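Reader: I'm new to this one and don't want the grand tour just yet. Could you pick a single part, take me through it closely, and show me how it ties in with what surrounds it?

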Amino acid sequence: MRHDVTKNIANKFDKYAISYDENAYLQSQIADYFSLFIQKNCINIDKICEIGCGTGNLTQKISKIFTNSSITALDISKNSIEIAKKKVENSNVKFKIESAINCKYTDYDGIISSMSLHWLGENLLEFLKTLEVNYAYFAIPVENSLMQVKNRILELGALDTITKFPKNADIIEVLGQKFNIKSEIFRVKTQMQMNKAIKNLAKFGTLSNNRNSIANIKKILEDNKIIDIDYEVLMLFCERK
Ligand SMILES: C[S@@+](CC[C@H](N)C(=O)[O-])C[C@H]1O[C@@H](n2cnc3c(N)ncnc32)[C@H](O)[C@@H]1O
C-alpha cells in the first residue's frame, strides 16, 4: 500500500480521534454485536493482534473475553491510540502504532479486526491471502454499505467518489482456501440529511476523495434530503484448516 495513502488515512483519524466516540454510534453497535459473535465462537488464543483498534471500543471488550491472552492492539493513528490507552484497564493489552501491512503476523496466534480492514482498499484480498495465523475474527463492511448515500450522489449528478467496499464473495473465496469459516451478516443503520452525512463521512468509517466539480460539491452540500447511512457488515470466524 502506498505510504502516502496510509499517511492520509492516519491524518484523517488523528484529526477525528477526539470526536470519534461521540459520532461512532454505528461502529459502537457493530462492536457490541461483533463481541457477542466473538464470544459465541470463542476459543483459547495465546497471542492476539487487534488491527485498527482506533479509540479502543472493541479492545476493551476483547480484553474482557480473552482474559488469559496477551493482546497487541495496533493502529496507524497515534491520537486514537492515546484515547484507547485511557479506556482499556486490563494489563494484558499493549498498544502499538503500526500499519496492518507492516505487521509480522507470525508473532501471533490469532487476529481480530472491526471496521478497519476495508481501509486497505485494493490490497485487502492480497493481505487476506497471505495471512499466516491460526485464527481470525473479522468484521468488514461490504459491498452494499452506504448504498443510499452513493445513489444520492449519482442522482445529484456527481461522481460516486466514496471508498469502495469489498465484495462478500471475494473475501470468503480467498479466506476459504486456508480457513474453515463461520460467517454472519450484521446490518445497522441511522438516518441523516445528505449534507450532514457527506460532511461526517470519515466519522462513519469512509471517505470521499472529492473528484467532483465545485458545482457538484455545492449541490451535495446543500442537499437536505434524509437518507439512510447503512452498513452491511460481514462477520467472520476463521480457523486454519
Ligand atoms: C472506523 S475506525 C474503527 C476503529 C475501531 N476498530 C472501532 O470499531 O471503533 C478504523 C481504524 O482503522 C485504522 N486503520 C486504517 N488503516 C489502517 C492500517 N493500514 N493499519 C492499521 N490501522 C489502520 C484507522 O486509523 C482507524 O482507527
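Author: Let's come in through Val-5, which is partly exposed because 13 other C-beta atoms lie within 10 Å of its own, while a residue needs 20 or more to be buried and 12 or fewer to be exposed. Keep in mind that this is a predicted model. Val-5 sits in helix H1, and it makes a handy starting point for a jump along the chain. Val-5 and Trp-119 are 114 residues apart in sequence, yet their C-alpha atoms are 9.7 Å apart in space.

Trp-119 takes us to the ligand. The shell around the ligand has 27 residues, and those that come nearest are Gly-52, Gly-54, Ala-100, Ser-116 and Trp-119. Which helix gives the largest share of that shell? It's H1, with four residues. H1 spans residues 3-23, and helix H2 (25-40), helix H3 (57-65) and strand S2 (70-75) also supply at least two residues each. Sorted by class, the shell has 15 nonpolar residues, 11 polar ones and one charged one.

Now for the part I'd like you to stare at: strand S4, residues 110-114. Is S4 buried or exposed? Five of its five residues are buried, so the strand is largely enclosed by the rest of the structure. Try looking at its two faces separately. Gly-110, Ile-112 and Ser-114 point one way, Ile-111 and Ser-113 point the other way, and every one of them is buried.

What does S4 pair with? One partner is strand S1 (residues 47-51), which lines up parallel to S4 over three bridges. To find the spot in your viewer, look for Glu-50, which stands opposite Ile-112 of S4. Another partner is strand S5 (residues 135-141), joined to S4 by five bridges and also running parallel. Here Ser-113 has Phe-138 of S5 as its bridge partner. To get from S4 to S5, the chain goes through helix H5 (residues 124-129), and this β-α-β crossover is right-handed.

Just on the way to H5 there's an oddity. Met-115 is in the loop between S4 and H5, and its phi is near 55°, a positive value although Met-115 isn't a glycine. That's worth a pause, because most residues other than glycine have a negative phi. Met-115 counts as buried because it has 25 other C-beta atoms within 10 Å. If you follow the chain past S5, you meet a similar case: Leu-146, in the loop between S5 and helix H6 (147-155), has a positive phi of about 55° without being a glycine. Leu-146 is buried too, with 26 other C-beta atoms within 10 Å.

S4 also has company from a helix. The buried residues of H3 are Asn-57, Leu-58, Thr-59, Lys-61, Ile-62 and Ser-63. These pack against S4, and also against H2, S1, S2, helix H4 (78-87) and strand S3 (93-97). Among those neighbours, S2 and S3 pair with each other, parallel and over five bridges. Asp-75 has Ile-97 in S3 as its bridge partner. S2, H4 and S3 make up another β-α-β unit, and this one is right-handed.

For contrast, hop over to Glu-239 in strand S7 (residues 226-240). Glu-239 has 15 C-beta neighbours inside 10 Å, so it counts as partly exposed. Setting aside neighbours within four places in sequence, Glu-239 is in contact with Tyr-135, Phe-179 and Asn-180. Its C-alpha is 34 Å from that of Asn-11, with the two positions 228 residues apart along the chain.

Finally, zoom out. The protein has 10 helices and seven strands, and 38% of its 241 residues count as buried. Of the contacts with a separation of 6 or more, 78% are between residues 24 or more positions apart. The C-alpha trace spans about 55 × 40 × 35 Å along its principal axes. The radius of gyration is 18 Å, which agrees with the value near 18 Å for a compact globule of 241 residues.

Definitions and conventions
Residues numbered from 1 in each chain as written. Predicted model: local features only at pLDDT ≥ 70, side-chain atom pairs only at ≥ 80, totals over all residues. Rg over C-alpha atoms; globule rule 2.2 N^0.38 Å. Contact = placed C-beta atoms within 7 Å. Pairing = 2+ DSSP bridges. Right-handed = clockwise from strand over helix to strand, strands pointing away. Near = placed C-beta within 6 Å. Nonpolar A, V, L, I, M, F, W, Y, C, P; charged D, E, K, R; others polar.
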